[in-house]
Amino acid sequence: MTGVELLTGLLISAHLLLQIAVAIRVILRPHRDPASRMAWLVVIFSLPVLGLIAYLLLGETNIGRRRAERRQQLVSGLQKVVAAAPAAAMESDCQVPEHHAHLFQTGRSITGFPPVCGNIGALMPASDATIDAMVADIDAATDHVHLLFYIWLPDSNGCRIAEALRRAAARGVVCRAMADDLGSRLMIGSKHWKAMAASGVRLARALPIGSPLLRVLRGRIDLRNHRKIVVIDGRITYCGSQNCADPEFFVKAKYGPWVDAVIRFEGPIARQNQALFATDWMAHVDEDLSDLLRQPWPGGVAEGFPAQVIGTGPTVRYSAMPELFEALTYAARRELVITTPYYVPDEAIQAALCASARRGVDTTIVFPARNDSWIVSAASRSYYADLLNAGVRIFEYVGGLLHTKSLTLDGEITLIGSANIDRRSFDLNYENNILLHDPELTAAVRDRQAHYIASANAVSADQVASWNWRRRFWNNAVAILGPVL
């Protein structure tokens, strides 16, 4: 045996041992469903070297030990502060209809927030109108403005918000603005970010990347803060799918316009979003915001609907977001309407939606016809046949990239926020949603969903059955990797 042959044999043996070691880690890793384990085992053994690298980079939900510990301590501490705050008495008196109480209990098990009554809300008419309203509220702020976005672009709308923050800071309003370090890298690297800092706006980068090579050693780069939170004076908050950008979304203009939905809330629900923002802020900035959460409720709304903030993420309880979607799906008795741009469900959610239609619930899902992620688009369509055969109605919106993440239930319950029905929102991203019970506001969201359907093409079972074998093969092959997307 030559030296080259000996070296080759040693390298092959070492690689095989490393594959086995990583495979054992995959099998022993907690909080991983069998499909995910199998998908990663296929990747590791079928792609020499690349499979190992892929797992080491993307295989585990890890933001870094120190970050995870700090977040868990903050969440626990701030939950106690919120529970002891003067507004807690209002929360303890909040009653939701008995047949929906279990939904809010599911939400409470995730973030610890109970439903709080006394809220009013308005569905914003369009993306630009949402920015108009935010700018007006920032201009009217008297105490503080808190803002967090996954994507904040230095375009017209992004700059309008930046300028409003600068004006507020100039008149003595405390402004804290946070943006995800990856999603908002263009704004963070722009002159507008520096101008805000010079004007006195307190800025922070969520999950800073730093050196990509060093970042990989401390945790995954692709674990991101996908939340969209605006809180003004502790009594106004916004929640929905919209990032801080023009609907034309110049970084992916060929898919535009991006179609979003946002609700402006007034009431005690703002305090829960405040606590969620405080958790993110204090995880990155050495500034204690607990006193803000201890302040007495400023008043203003005596009667209104119950609502609840639900924040999820890689350091929150495992399977939190899927459990909420499943609970809502199984609670439907008459109608369930969902809009989401990204659909890569786990088996439980796919089964829940099929079961919903089979028991006679009018079940509808609206997707964008053109998706900015070709991988997710293919994976999503692999689920169409089973959904359609069960009786689920599927529509593909053709008026742009439907980015709205919404769910309406029996004309009474609405879930709105940042979370998609995909593995990234379930396991990797920090997300924020609001669950509410109000027939009037739910009717407004339902009307918006009906508008999407009117601008969409219905997908039929016959149409899906007519897809050629190459398309079906591609969709199903991509879907196999669903657990690792």
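**Figure 1. Gly360 and the helix that comes before.** Just after helix 15, Gly360 adopts a positive phi of about 95 degrees. This view, like the others here, comes from a predicted model. Helix 15 itself runs over residues 347-358, 12 residues in total. From first C-alpha to last, helix 15 reaches 16 Å, close to the 16 Å expected at 1.5 Å a residue.

**Figure 2. The buried residues of helix 15 and what covers them.** Let us stay with helix 15 and look at its buried residues: Ile349, Gln350, Ala352, Leu353, Cys354, Ser356 and Ala357. As you read along that list, it helps to recall that an α-helix has 3.6 residues a turn, so residues three or four places apart point the same way. Which elements cover these buried residues? Among them are two strands, strand 10 (335-339) and strand 11 (362-368). The cover also includes helix 14 (320-331), helix 17 (384-390) and helix 18 (423-428).

**Figure 3. The disulfide of Cys94 and Cys117.** A search of the whole structure turns up one disulfide. Its partners are Cys94 and Cys117, with sulfur atoms 2.1 Å apart. The torsion about their S-S bond is about 70 degrees, so the disulfide is right-handed. Cys94 sits in the loop between helix 5 (88-92) and helix 6 (101-111), while Cys117 belongs to strand 1 (residues 116-123), so the bond ties together parts that are 23 residues apart in sequence. Is Cys94 buried or exposed? With a relative accessible area of 9%, Cys94 is buried, because the cut-off for that is under 20%.

**Figure 4. Phe265 meets Phe305 edge-to-face.** The model holds 11 aromatic pairs. In one of them, Phe265 and Phe305 are edge-to-face, 6.3 Å centre to centre and with 70 degrees between the planes. Phe265 lies in strand 8 (residues 262-266) and Phe305 in strand 9 (residues 305-312), so this pair ties together parts 40 residues apart in sequence. Both rings belong to buried residues, with relative accessible areas of 0% for Phe265 and 6% for Phe305.

**Figure 5. A tilted pair, Phe325 and Phe426.** Here the ring centres are 6.2 Å apart and the planes differ by 50 degrees, a tilted arrangement. Phe325 is in helix 14 and Phe426 in helix 18, so the pair links distant parts of the chain, 101 residues apart. Phe325 and Phe426 are both buried. Helix 14 and helix 18 also appear in Figure 2, in the cover over the buried residues of helix 15.

**Figure 6. An aromatic cluster with Arg471 over one ring.** Ring pairs join Tyr343, Phe367, Tyr383, Tyr384 and Trp467 into a cluster. Over the face of Trp467 lies Arg471, at 4.0 Å from the ring centre.

How values were computed. Residues are numbered from 1 along each chain as its sequence is written. This is a predicted model: local features need pLDDT of at least 70, side-chain atom pairs count only at pLDDT 80 or more; totals for chains, interfaces and linings use all residues. Side-chain values use heavy atoms; hydrogens and water are left out. Helices (H or I, at least four residues) and strands (E, at least two) are DSSP runs, numbered from the N terminus. The expected span of a helix is 1.5 Å times one less than its number of residues. Buried means under 20% relative accessible area, exposed over 50%, partly exposed in between (1.4 Å probe, protein chains only). Contact means heavy atoms within 4.5 Å. A disulfide is a pair of cysteine sulfur atoms within 2.5 Å. Rings of Phe, Tyr and Trp (its six-membered ring) pair if their centres lie within 6.5 Å; planes under 30 degrees apart count as stacked, over 60 as edge-to-face and the rest as tilted. A charge sits over a ring if NZ of Lys or CZ of Arg is within 6 Å of the ring centre and within 35 degrees of the ring normal.
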